[in-house]
Amino acid sequence: QVQLVESGGGLVQPGGSLRLSCAASGSVSSINRMGWFRQAPGNQRVLVATITSGGSTNYADSVNGRFTVSRDNAKNTVSLQMNSLKPEDTAVYYCNARRTESSGFYYSWGQGTQVTVSS
């Protein structure tokens, strides 16, 4: 099992910045990918950005060039630096960890942190 604890959400004006952080504990040695998803009211949860243990990143088109995902493997943390925020970035952001076991992939989720972009 992996437990994830997020921090860093809040209210920010359009054009502003926020940084989200997520700390993993538990069976962290088997985690091979961490990242962020988000869910706006009435919408499905969608990928924002992921990063593998080797440092390979993947971004949603809507955030590419504005958001940066980073990872500290030694501390088992993942962060999301969000710049040039837009009202459409408003959502609950969830930290995600994927680990590999002999039986396949397993996913863990944080509790979510609210990001609101509004003037």
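**Loops, an open sheet and one disulfide**

Ser84 has a relative accessibility of 42%, so the residue counts as partly exposed. This value, like the others reported here, comes from a predicted model. Ser84 is located in the loop between E8 and E9. Its phi angle is positive, about 50°, although Ser84 is not a glycine. Asn76 also has a positive phi, of about 55°, and is not a glycine either. Asn76 sits in the loop between E7 and E8. Its relative accessible area is 23%, so Asn76 is partly exposed; buried would require under 20%.

The loop that holds Asn76 joins two strands of an open sheet. Four strands make up this sheet, in the order E1-E3-E8-E7. Their pairing is antiparallel. Strand E1 (2–7) and strand E7 (67–72) form the edges. Each has a single partner strand, so one side of each lacks a neighbour in the sheet. On average, neighbouring strands of the sheet are turned by 15° against each other, direction ignored.

The pairings can be followed strand by strand. E1 pairs with E3 in the antiparallel sense over six bridges. Within this pairing, Ser7 stands opposite Ser21 in E3. E7 pairs with strand E8 (residues 77–82), again antiparallel and over six bridges. Here Val69 stands opposite Leu80 in E8. Edge strand E1 also has two faces. Val2, Leu4 and Glu6 lie on the covered face. Gln3, Val5 and Ser7 lie on the uncovered face.

Strand E3 (residues 18–26) contains Cys22. Cys22 has a relative accessible area of 2% and is therefore buried. Which residues does Cys22 touch, not counting those up to four places away in sequence? Its contacts include Leu4, Val5 and Glu6, which are residues of E1. They also include Met34 and Trp36. Asn76, Thr77, Val78 and Cys95 complete the list. Gln3 is 19 residues from Cys22 in sequence. In space, the two are 9.9 Å apart, C-alpha to C-alpha.

The contact between Cys22 and Cys95 is also a bond. The structure holds one disulfide, and this disulfide joins Cys22 to Cys95, with an S to S distance of 2.1 Å. Cys22 lies in strand E3 and Cys95 in strand E9, so the pair ties together parts that are 73 residues apart in sequence. The torsion about the S-S bond is about -85°, so the disulfide is left-handed. A disulfide is a covalent bond between the sulfur atoms of two cysteines. Cys95 is buried, with a relative accessible area of 0%.

The largest nonpolar core has 28 residues. Which of them touch the most other members? They are Met34, Trp36, Leu80, Met82 and Tyr93. Several elements give two or more residues to this core. Among them are the sheet strands E1, E3, E7 and E8. Strand E4 (31–39), strand E5 (46–52), strand E9 (91–101) and strand E11 (113–117) do so as well.

Tyr93 shows how such a core residue is surrounded. Leaving out residues up to four places away in sequence, Tyr93 touches Trp36, Leu80 and Met82, among others. These three are also listed with Tyr93 as residues that touch the most other core members. Further contacts of Tyr93 include Glu6, Leu20, Phe37, Arg38, Val48 and Phe67. Gly112, Thr113 and Val115 are contacts of Tyr93 too. Trp36 and Glu6 also appear among the contacts of Cys22.

Note on methods:
Residues numbered from 1 in each chain as written. Predicted model: local features only at pLDDT ≥ 70, side-chain atom pairs only at ≥ 80, totals over all residues. Heavy atoms only, no water. Pairing = 2+ DSSP bridges. Axes fitted to C-alpha atoms, helices over the stretch in contact; angles between N-to-C directions. Buried < 20%, exposed > 50% of the residue type's maximum accessible area, 1.4 Å probe, protein only. Contact = heavy atoms within 4.5 Å. Core = buried A, V, L, I, M, F, W, Y, C linked by side-chain atoms within 4.5 Å. Disulfide = S-S within 2.5 Å.
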